[in-house]
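The questions below take one predicted model and work through it piece by piece. Each answer ends on the name or value asked for.

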Amino acid sequence: MDELHHDERAVLPEVAQGATPAPAGFWIDHTCHNRDKMCPGGNTCPHRRCCNPAHLEAVTNGQIQRLLINVPPGTSKSLTTEVFWPAWEWGPRNLPALRYISASYSESLTVRDNLRFRRLVEDDRYRDLWGDRFAPSRDQWGKQKLQNDKTGWKLATSVGGYVVG
């Protein structure tokens with residue numbers, strides 16, 4: 001994601017979590033990792049395990065057709081792929097017609113992430129930057145399905161859930 005402008009990289013994790021505003025200048029970068037007390041961290045850390053945003057950007061650009069993300073629990077997979085990435089595609093990338101199906105073993109997890117996504121794209125700061133790109137659908141802006149006025153949507157489902165279409 002290095003080619004993105006600073007404002008386009010700005011994400012609001014505290015907003016997505018339902019807490020306080022994010023500090024100025026915060027963005028997703030490939031610096032998250034699990035490490036022990038002796039690890040210095042940084043870009044050369046051998047313990048880095050997370051979703052590389054550059055790979056997600058390559059999916060958006062059509063450079064990667066199939067991406068498997070296989071990292072341990074607690075490495076921000078859901079937050080990155082189910083909240084920040086779709087919000088980035090609908091807003092900064094101006095691709096609000098994209099559609100997402102989010103599936104998990106637990107409906108509560110996919111609904112949780114849809115609510116985080118909804119809080120993020122409804123935040124005033126997000127709307128100030130990209131509010132002209134799409135508007136929430138009046139009749140489909142709930143927990144399980146979020147639809148916008150540009151034919152894009154985000155559906156949360158699970159084992160035993162439904163996917164029609």
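Q: How far apart, N to O, are the side chains of Lys-150 and Asp-149 in their salt bridge?
A: A salt bridge here is a side-chain nitrogen of Lys or Arg within 4 Å of a carboxyl oxygen of Asp or Glu. Lys-150 is partly exposed at 37% relative accessible area, and Asp-149 is partly exposed at 45% (buried means under 20%, exposed over 50%, partly exposed in between, with a 1.4 Å probe and protein chains only). The N to O distance between the side chains of Lys-150 and Asp-149 is 4.0 Å.

Q: Which residues are joined into one network by salt bridges that share partners?
A: Side chains of opposite charge can pair when their charged atoms come close. Where such salt bridges share partners, they link one network made of Arg-112, Asp-113 and Arg-116.

Q: What conventions apply to the numbering and to the model?
A: Residues are numbered from 1 along each chain as its sequence is written, and side-chain values use heavy atoms, with hydrogens and water left out. This is a predicted model in which local features need pLDDT of at least 70 and side-chain atom pairs count only at pLDDT 80 or more, whereas totals for chains, interfaces and linings use all residues.

Q: What is the N to O distance between Asp-113 and Arg-116?
A: Asp-113 and Arg-116 both belong to helix α5, 3 residues apart, about one turn of the helix. Both are buried. Their side chains meet in a salt bridge with an N to O distance of 3.5 Å.

Q: Is Asp-123, which pairs with Arg-125 in a salt bridge, buried or exposed?
A: The side chains of Asp-123 and Arg-125 meet at 3.0 Å, N to O. Arg-125 counts as partly exposed at 30% relative accessibility. Asp-123 has a relative accessible area of 14%, so Asp-123 is buried.

Q: How many salt bridges does the structure hold?
A: Among them are the pair Asp-123 and Arg-125 and the pair Lys-150 and Asp-149. The total for the structure is 5.

Q: What pattern of helices and strands does the chain follow?
A: Helices (H or I, at least four residues) and strands (E, at least two) are DSSP runs, numbered from the N terminus. The chain has 6 helices and 4 strands. Read along the sequence, they follow the pattern α-α-α-α-β-α-α-β-β-β.

Q: What span does helix α5 reach from its first C-alpha to its last?
A: Helix α5 runs over residues 107–122, 16 residues in all. The expected span of a helix is 1.5 Å times one less than its number of residues. For α5 the expected value is 22 Å, and the helix reaches close to it, at 22 Å.

Q: At what angle do α4 and α5 pack?
A: Two packed helices are described by the angle between their axes and the distance between the axes. Axes are lines fitted to C-alpha atoms, for helices over the stretch in contact, and angles run from 0 to 180 degrees between N-to-C directions. The axes of α4 and α5 are 9 Å apart, and the angle is about 35°.

Q: Which residues of α5 make the contact with α4?
A: Contact means heavy atoms within 4.5 Å. From α4 the contact includes Glu-82, Val-83, Pro-86, Ala-87 and Trp-90. From α5 it is made by Arg-112, Asp-113, Arg-116, Phe-117, Leu-120 and Val-121.

Q: Which helix gives the most to the largest nonpolar core?
A: A nonpolar core is a set of buried Ala, Val, Leu, Ile, Met, Phe, Trp, Tyr and Cys residues joined through side-chain atoms within 4.5 Å. The largest has 14 residues, and those with the most contacts inside it are Trp-90, Phe-117, Val-121 and Tyr-126. At least two residues each come from α4 (77–90), α5 and α6 (124–130). With 5 residues, the helix that gives the most is α4.

Q: In which loop does Thr-151 lie?
A: Thr-151 has a positive phi of about 75° although it is not a glycine. Thr-151 is partly exposed, with a relative accessible area of 44%. Its place is the loop between β3 and β4 (153–158).
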